[in-house]
Amino acid sequence: MKRQLNKLAFLFLFGGLFFVLVGCKSENGAKTDTLEKTQSNEKIVWGVKYDTKLFGMMNIEERKVEGFDIDIASAVTKRVLGEKGQAEFVEVTSKTRIPLLKNGNIDAIIATMTISEERKKQVDFSDIYFDAGQSLLVKKESDIKSVTDLNKEKTVLAVKGSTSAENIRKHAPEARVLELENYAEAFTALQSGQGDAMTTDNSILLGMSAENPDYVLAGEKFTDEPYGIALNKEQEMFKKAINKALKEMKEDGEYAEIYQKWFKEEAK
């Protein structure tokens, strides 16, 4: 019996030591200098959307993701790491992007991510790279003309983990809100009549409307939702490098070229 107790004590002590070592490793990982890491690897791993037209959409035929966010990320990568620098893309959703960043699976997030005070508690943001605002997508014949038309008889579709549902509850507190996993599911639900309107940033909804002319934006945007590139905390040098790249792109016209390519108008 005594021998068994000694064996159990040894296993408990060994297990405790193991978890301490793992914890130390995780803590050290969190403190990794991201700029040094990307320079050493000659690549930046970006978390991007694969289902958001105009920003990040998988081109099935060419087997690559395309969009405004993708082109901005590629241009920033070259400016931060030089011509040999490579941009690698990993699919994220509104729900998975911050955990993937925290776990070290990606170096940065550029995925139609709104800068908010709540998110700043978890991540840092670059300077604004795109000005957006929340709006509504409805069928052409809908009686919803603006957010003020949303009452207790209306159901609004939003994506889990996004700021959209929270904003709707503030601007139309009587409306019912149904949250789906991603934009594709939300739009399918709108088409099947599970909701009266879909809400997210106007930039995303414009892409959906362009592909589906029977659906239009209802009224003006009712929030300001500036997009930023999200980074892990305590990565000041990496953030400075990204902000410098964005500033140079706007000054020398590369940003304007990318904007014109995807939105068919001049950058505002």
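In the predicted model, both Phe55 and Phe130 are buried. By the ring-centre criterion, the count of aromatic pairs comes to 16. The rings of Phe55 and Phe130 form one such pair, with centres 5.2 Å apart and planes at 90 degrees, so the arrangement is edge-to-face. Phe55 is placed in the loop between β2 (51-52) and β3 (56-59), whereas Phe130 belongs to strand β7 (residues 124-130); the pair therefore ties together parts that are 75 residues apart in sequence. An edge-to-face geometry is also found for Phe187 and Tyr215, at 5.1 Å centre to centre and 70 degrees between the planes. This pair likewise links distant parts of the chain, as Phe187 lies in helix α7 (residues 183-191) and Tyr215 in strand β12, 28 residues apart. Phe187 has a relative accessible area of 9% and is buried; Tyr215, with a relative accessible area of 8%, is buried as well.

Phe55 and Phe130 are also members of a cluster linked by ring pairs, together with Phe68, Tyr129, Tyr227, Tyr255, Tyr259 and Phe263. Within this cluster, the ring of Tyr255 has the charged end of Lys250 over it, 5.1 Å from the ring centre. Lys250 and Tyr255 also take part in the contact between two helices, in which Met249, Lys250 and Asp252 of α9 meet Glu254, Tyr255 and Ile258 of α10. Helix α9 (residues 236-252) packs against helix α10 (residues 254-263) at an angle of about 80 degrees, and the axes are 4 Å apart. The two helices, α9 and α10, are therefore roughly perpendicular to each other.

The loop holding Phe55 lies between β2 and β3, and these strands belong to an open sheet of three strands. The order in this sheet is β2-β3-β4, and the pairing is antiparallel. Strands β2 and β4 (64-66) form the edges, each pairing on one side only. Between β3 and β4, which run antiparallel, there are three bridges. Met58 has Val65 in β4 as its bridge partner.

Strand β12, which holds Tyr215, is part of an open sheet of five strands with mixed pairing, in the order β10-β9-β11-β8-β12. The edge positions are taken by β10 (176-180) and β12 (215-217); each has a single partner strand, so one side of each lacks a neighbour in the sheet. On average, neighbouring strands of this sheet are turned by 30 degrees against each other, direction ignored. Strand β9 (residues 155-159) and strand β11 (residues 197-201) run parallel and are joined by two bridges. In this pairing, Val156 stands opposite Ala197 in β11.

Two helices that pack on the five-stranded sheet are α6 and α8. Helix α6 touches β8 (134-139), β9, β10 and β11, and its direction makes about 175 degrees with that of β10. Helix α8 (residues 202-211) is in contact with β8, β11 and β12, and the angle between its direction and that of β11 is about 125 degrees. In α6, which spans residues 164-171, Asn167 is buried, with a relative accessible area of 9%. The cut-off for burial is 20%, so Asn167 falls under it. Apart from residues up to four places away in sequence, the contacts of Asn167 are Gln134, Thr223 and Glu225. Among these, Gln134 lies in β8, one of the strands that α6 touches.

A further set of strand pairings involves β1 (residues 43-48), a mostly covered strand in which five of the six residues are buried. Strand β1 pairs in the parallel sense with strand β5 (residues 86-91) over six bridges. At Lys43, the bridge partner in β5 is Gln86. Strand β1 is also joined by two bridges to strand β6 (residues 108-109), again in a parallel arrangement. There, Gly47 stands opposite Ile109 in β6.

Notes. Residues are numbered from 1 along each chain as its sequence is written. This is a predicted model: local features need pLDDT of at least 70, side-chain atom pairs count only at pLDDT 80 or more; totals for chains, interfaces and linings use all residues. Side-chain values use heavy atoms; hydrogens and water are left out. Buried means under 20% relative accessible area, exposed over 50%, partly exposed in between (1.4 Å probe, protein chains only). Contact means heavy atoms within 4.5 Å. Two strands pair if DSSP finds at least two bridges between them. Axes are lines fitted to C-alpha atoms, for helices over the stretch in contact, and angles run from 0 to 180 degrees between N-to-C directions. Rings of Phe, Tyr and Trp (its six-membered ring) pair if their centres lie within 6.5 Å; planes under 30 degrees apart count as stacked, over 60 as edge-to-face and the rest as tilted. A charge sits over a ring if NZ of Lys or CZ of Arg is within 6 Å of the ring centre and within 35 degrees of the ring normal. Angles under 35 degrees count as roughly parallel, over 145 as roughly antiparallel, 65 to 115 as roughly perpendicular and the rest as oblique.
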